Amino acid sequence: MTDPMLRAVLSDIGTINPFFAVESDLAGEGWVPIDGLWRRPELLAAEIADVRRRLAGRAQVPEDQVEPRVAASILYQGLASRLLSPVIAAALCHDRVPDPAALHWSPARTGPLVFALRDGPGLASPTAPARGRDGADLVSDHVITAVLAPIGEAIRAQVKVAPRLLWGNAASSLAGTVQQLAEARPGHAAAVMALATQLMNRPPLAGLGEFARPGATDARFFSRSTCCLYYRIPGCAKCGDCALLPARRTRPTSAR
């Protein structure tokens, strides 16, 4: 069973929204370690195909009108959100985080992908991330480098999609994560934005997006320098932070 302290952390941050949720125990059969997303090509292919089916159903178009690269892009963006959100929230709000390498998922599930944590103490942040580089280093090392990078490489081995596009998706997911967290926990808003800025200023996210305060509003807006390709599905529009939109139309990062 997961460390009781970490269970309490997961219970707390899971109330923010589903992207922040991590199950604290593995219940039932069929759970696969997270590295199955890059070590077992057939499982990743099935996830891409599932996203393709769901996108086609949402847009009410034949499945062959959703390009595999669009499905792969949207899968990666969703994974980035579900990995970045709980780690950042737990680190900033509790100085203790679930270890991304210990996460499991169920290929046999019905519904959205959900992560669960195997037995273990989790990953303790050595000092308060809000006061220095520790939080950015933790996210960079344990989420971006250790998990998102190999997932991206595995996706690109199956579908022709540019690495810059995938990292742009991660940048957009990070922007959505920090805005949602800042709104849900305003006492941590300054630390959240500081962490996001540090991550956006270092590879592989450097140059892929920026935060701004348009006009006289106090809302943080984010615009990315890439496109996730969602608009290529018939009947679907560009996302609010898309590089293909005029700068004045970029959205607040809370639209996720």
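User: Hi! Which residues does R185 touch, leaving out those up to four places away in sequence?
Analyst: Happy to help! In this predicted model, R185 touches D12, I13, T15, I16 and C93, with residues up to four places away in sequence left out.

User: Where is R185 placed?
Analyst: R185 is in the loop between helix 6 (163–184) and helix 7 (189–200).

User: And is R185 buried or exposed?
Analyst: Buried: R185 has a relative accessible area of 19%, and buried means under 20%.

User: Thanks. Switching to helix 6: how many of its residues are buried?
Analyst: For helix 6, 18 of the 22 residues are buried, so the helix is largely enclosed by the rest of the structure.

User: How far does helix 6 reach from its first C-alpha to its last?
Analyst: Helix 6 reaches 32 Å, close to the 32 Å expected at 1.5 Å a residue.

User: Nice. Now, at what angle do helix 1 and helix 4 pack?
Analyst: Helix 1 (residues 4–13) and helix 4 (residues 68–94) pack at about 110 degrees, and their axes are 10 Å apart. That angle makes helix 1 roughly perpendicular to helix 4.

User: Is the crossing of helix 1 and helix 4 left-handed or right-handed?
Analyst: The crossing of these two helices is right-handed.

User: Which residues make the contact?
Analyst: Helix 1 brings V9, D12 and I13, while helix 4 brings P86, A89, A90 and H94. D12 and I13 are also among the residues that R185 touches.

User: Last one: how many residues of each class are in the contact of helix 1 with helix 4?
Analyst: That contact has five nonpolar residues, one polar and one charged.

Conventions. Residues are numbered from 1 along each chain as its sequence is written. This is a predicted model: local features need pLDDT of at least 70, side-chain atom pairs count only at pLDDT 80 or more; totals for chains, interfaces and linings use all residues. Side-chain values use heavy atoms; hydrogens and water are left out. Axes are lines fitted to C-alpha atoms, for helices over the stretch in contact, and angles run from 0 to 180 degrees between N-to-C directions. Helices (H or I, at least four residues) and strands (E, at least two) are DSSP runs, numbered from the N terminus. Angles under 35 degrees count as roughly parallel, over 145 as roughly antiparallel, 65 to 115 as roughly perpendicular and the rest as oblique. A crossing is left-handed if the near helix is turned anticlockwise from the far one by less than a right angle, and right-handed if clockwise. Contact means heavy atoms within 4.5 Å. Ala, Val, Leu, Ile, Met, Phe, Trp, Tyr, Cys and Pro count as nonpolar, Asp, Glu, Lys and Arg as charged, and the others, Gly among them, as polar. Buried means under 20% relative accessible area, exposed over 50%, partly exposed in between (1.4 Å probe, protein chains only). The expected span of a helix is 1.5 Å times one less than its number of residues.
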